[in-house]
Each structure stands twice: as structure tokens, then as C-alpha cells.
Amino acid sequence: MIEIVRAEEKHVADIGTLWWEFIVFHQNIDPIYIFIDDQISDYIKNHLRRFMESQDRLVLVARDEQKAIGYALAEIRRVTPGLKREKYGYIDQMAVTESHWREGAGKKMFDEIVKWFHLNDIKRVELDTTARNMVANSFWQKQGFKVLNYTLFREI
Amino acid sequence: MNIRPIDIQKDRQKLLEFHCVTNYESSDPALRKAYTSEQYREIWIRSHGPEEFLSALAKSMKDSRTIVEFWENGGSIIAYVWVTFTDWPEYNATGAEISDILVVPEFQRRGIATQVIKHVEELACKRGATLLRSGTGSENVASQELHAKLGFQTYRVEFEKEL
């Protein structure tokens with residue numbers, strides 16, 4: 001039975017390991033992602049902890065039989081004051097270990113994120129993916145997301 | 001055609017005007033449906049947006065590789081471009097990113113954007129970049145076609161959903 005919980009200190013190392021799997025996966029599908037060595041400690045220090053220490057950010061862990069099988073980071077972002085919507089939600093990362101794909105962990109984490117966004121009066125959510133990540137693109141489209149922008153590159 | 005570097009103080013009004021247009025055009029469809037570009041401008045100009053933009057621009061210009069130019073024709077500004085550079089020492093690579101690019105409406109569809117991008121690419125290459133990054137909206141077919149023609153490939157897709 002997969003359960004979704006708020007991340008605590010005890011989950012940090014597991015999230016770091018899942019993040020590294022997420023990075024290696026990206027490296028395999030698109031050679032533009034080049035990671036020379038294991039950067040888990042930098043990721044934990046410079047990214048994950050910032051999320052865990054902020055009120056405007058959410059860190060979730062998906063567990064199966066107490067084992068961390070996925071994680072998600074989400075945050076509230078502000079835009080130009082004065083607009084009707086001064087904030088929106090952003091899903092920074094979401095990953096599920098490959099052996100647990102298609103078991104509903106991603107959908108459960110997304111539902112929890114949406115609940116948190118609703119509690120914070122968020123009416124719109126954004127995220128971005130690697131263009132070649134068909135698994136992610138298909139997942140997000142199934143959740144009702146539509147393409148907003150493309151980021152492009154050219155080798156020069 | 002005359003290409004000149006910008007002066008943040010002297011060109012302040014034009015820079016704000018152009019950046020506001022690029023902001024609006026790259027914003028989400030719901031925002032563009034809720035506000036006309038003029039209404040957005042009125043709100044943006046009174047917000048902290050202009051100071052944030054000018055501060056980011058000034059900060060980026062401390063890097064001598066940064067490209068911020070006005071393209072003029074007969075004394076009138078017809079295009080604006082802002083390109084920033086990022087080093088990835090761990091990958092031994094440098095990327096140049098087109099943060100803003102704009103051609104004034106009267107000069108659109110005349111190949112000016114193509115000229116600007118080719119010019120920027122040449123400068124970026126001379127200044128050590130190995131990658132040129134840009135962005136385009138999902139509904140901006142003209143921009144997508146232009147980027148495809150210039151050999152750009154998509155590597156990130158931005159999604160949105162109304163809750």
C-alpha cells in the first residue's frame with residue numbers, strides 16, 4: 001500500500017538517492033544532461049534543505065512498506081503584485097523509482113500537492129519537463145496539463 | 001541598420017517598455033485573456049517588476065560577455081535583445097541564453113529576428129559559449145518556426161494547469 005507523507009529529516013538520505021536515480025535517468029534520455037560525479041550532498045544542501053525549511057514549499061515522500069519509492073517538491077511562486085492572481089503553484093520535481101512505476105505513486109503525490117495548493121488559495125500550477133521524457137510528458141498530460149512554453153537550445 | 005549597446009539610464013523607458021512586452025507575450029494564456037497588454041503594462045509599471053528587471057539587467061552587464069543591444073533603422077529602435085551567459089565549470093561548458101528578444105510590430109515578418117539571432121549566435125560563440133538557449137510560447141507558431149529554421153531543438157517543455 002503506497003502512502004504519501006510529508007518529508008522529515010529521516011527521509012533526506014532516501015530523497016537524495018531517488019534524486020540521483022532521477023538525474024541518471026535524464027542523462028540516459030538526453031545527452032545534454034551531463035553529470036560528472038555524484039552530487040547528492042550538494043543537492044541536499046543547496047536545494048532539498050531550502051525546500052524543507054520554507055513555509056511556501058512542500059516536500060512529499062511516497063512510501064511502500066516504509067520504503068521511500070518516490071518524492072516530490074512543490075512551491076508557491078509570486079508574480080507581479082496587482083494582478084488578480086498574485087501567486088501560482090510550481091512543481092519543482094517529482095520522481096518515482098522505476099521499479100514502482102505504474103502503481104499510482106505519482107498520481108497520489110500530485111493529488112496531495114493539489115490539496116496543499118488549494119489550502120494556499122492557488123488556482124494555477126506550472127511545471128517543466130525534459131522534452132524527451134515521454135513518461136513524464138504523458139503522465140502530466142493525463143493529469144490535465146497543457147503545454148505553455150518550450151525551451152530550446154542550439155549547439156554553436 | 002545600426003546596432004548599438006544600451007545605456008540603462010538613457011534607455012530606461014524603452015527598456016522597460018520592451019521588457020514589459022516580452023513579459024506579457026511570454027505569460028500564460030489566462031493572464032493574456034484577463035488583461036490587454038496595455039492593462040498589464042499599467043499594473044507592471046507600478047509594481048516592483050521594473051526595478052527588479054533593471055537591477056537584473058545591471059547585474060548581468062557586469063559580465064562583459066552579456067549582450068544588450070538596440071537595433072536601429074533611420075534613427076528608430078526596431079529590435080531589442082538581451083543575452084546572458086552562464087558557466088558550467090563542472091561540465092567545461094558555457095551557455096548563452098536569449099532572455100529577451102523583441103522586434104517592433106512594424107518591422108516584424110521582415111527577417112529581423114533571424115538576423116538578430118544569427119548575430120547573437122556569432123557573438124556568443126566568440127565569447128566562449130557552446131550552447132545558445134532560447135524560449136517560445138506553445139501558441140507562438142511564428143517563433144517556433146523561426147527557431148526550427150535556425151536549428152534549435154526543444155529540450156524542456158513547460159506545462160500548466162488551472163486547478
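How many residues lie between S2(A) and S3(A) in their hairpin? Two residues separate these strands. One turn residue, A:Glu65, has a positive phi of about 55°. The model is predicted.

## Strands of chain A

The hairpin strands S2(A) and S3(A) run antiparallel, joined by eight bridges. Within this pair, A:Arg63 stands opposite A:Ala68 in S3(A). S3(A) also pairs with S4(A). Here nine bridges join the strands, again in the antiparallel sense. A:Arg77 has A:Tyr88 of S4(A) as its bridge partner.

A helix crosses these strands. Helix H1 of chain A, residues 12-29, lies across S2, S3, S4 and S5 of chain A. H1 runs at about 80° to S3(A).

## One sheet, two chains

The strands of both chains take part in an open sheet of 12 strands with mixed pairing. Its order is S1(A)-S2(A)-S3(A)-S4(A)-S5(A)-S6(B)-S6(A)-S5(B)-S4(B)-S3(B)-S2(B)-S1(B). S1 of chain A (2-6) and S1 of chain B (2-5) stand at the edges. Each has a single partner strand, so one side of each has no neighbour in the sheet. From one strand to the next, the twist averages 25°.

At the chain B edge, S1(B) and S2(B) pair over four bridges in the antiparallel sense. There, B:Pro5 stands opposite B:Glu69 in S2(B).

## Where the chains meet

S6(B) sits between S5(A) and S6(A) in the strand order. Seven bridges join S5(A), residues 124-130, to S6(B), and the two strands run antiparallel. A:Thr130 has B:Arg156 as its bridge partner in S6(B). On the other side of S6(A) in the order comes S5(B). Helix H6(B) lies across S6 of chain A (146-155) together with S5 of chain B. H6(B) runs at about 160° to S5(B).

The contact takes 40 residues from chain B and 38 residues from chain A. On the chain B side, H2 (29-34), H3 (37-46), H5, S5 and S6 (153-162) each supply at least two residues. S6(B) gives the most, with 10 residues. The chain B side divides into 17 nonpolar, 13 polar and 10 charged residues.

## Helix H5 of chain B

H5(B) covers residues 112-126, which makes 15 residues. From first C-alpha to last, H5(B) reaches 21 Å, close to the 21 Å expected at 1.5 Å a residue.

Which residues of H5(B) are buried? They are B:Ala113, B:Val116, B:Ile117, B:Val120 and B:Ala124. These residues cover an arc of only 95° around the axis, which puts them on the same side of H5(B). A general rule applies here. An α-helix has 3.6 residues a turn, so residues three or four places apart point the same way.

The buried residues of H5(B) are covered by parts of chain B that include strands S2 (67-73), S3 (76-88), S4 (93-103) and S5 (131-137). Helix H6 (141-149) of chain B is also included in this cover. The face of H5(B) turned away from its buried side carries exposed residues: B:Lys118, B:Glu122 and B:Lys126. Just after H5(B), B:Gly128 takes a positive phi of about 100°.

Conventions. Residues are numbered from 1 along each chain as its sequence is written. Chains are lettered from A and ligands numbered from 1 in the order in which they are written. This is a predicted model: local features need pLDDT of at least 70, side-chain atom pairs count only at pLDDT 80 or more; totals for chains, interfaces and linings use all residues. The expected span of a helix is 1.5 Å times one less than its number of residues. A residue is buried if 20 or more other C-beta atoms lie within 10 Å of its own, exposed if 12 or fewer, and partly exposed in between; C-beta atoms are placed from the backbone. The arc is that of the directions from the helix axis to the C-beta atoms. Two residues are in contact if their C-beta atoms, placed from the backbone, lie within 7 Å. Ala, Val, Leu, Ile, Met, Phe, Trp, Tyr, Cys and Pro count as nonpolar, Asp, Glu, Lys and Arg as charged, and the others, Gly among them, as polar. Two strands pair if DSSP finds at least two bridges between them. Axes are lines fitted to C-alpha atoms, for helices over the stretch in contact, and angles run from 0 to 180 degrees between N-to-C directions.
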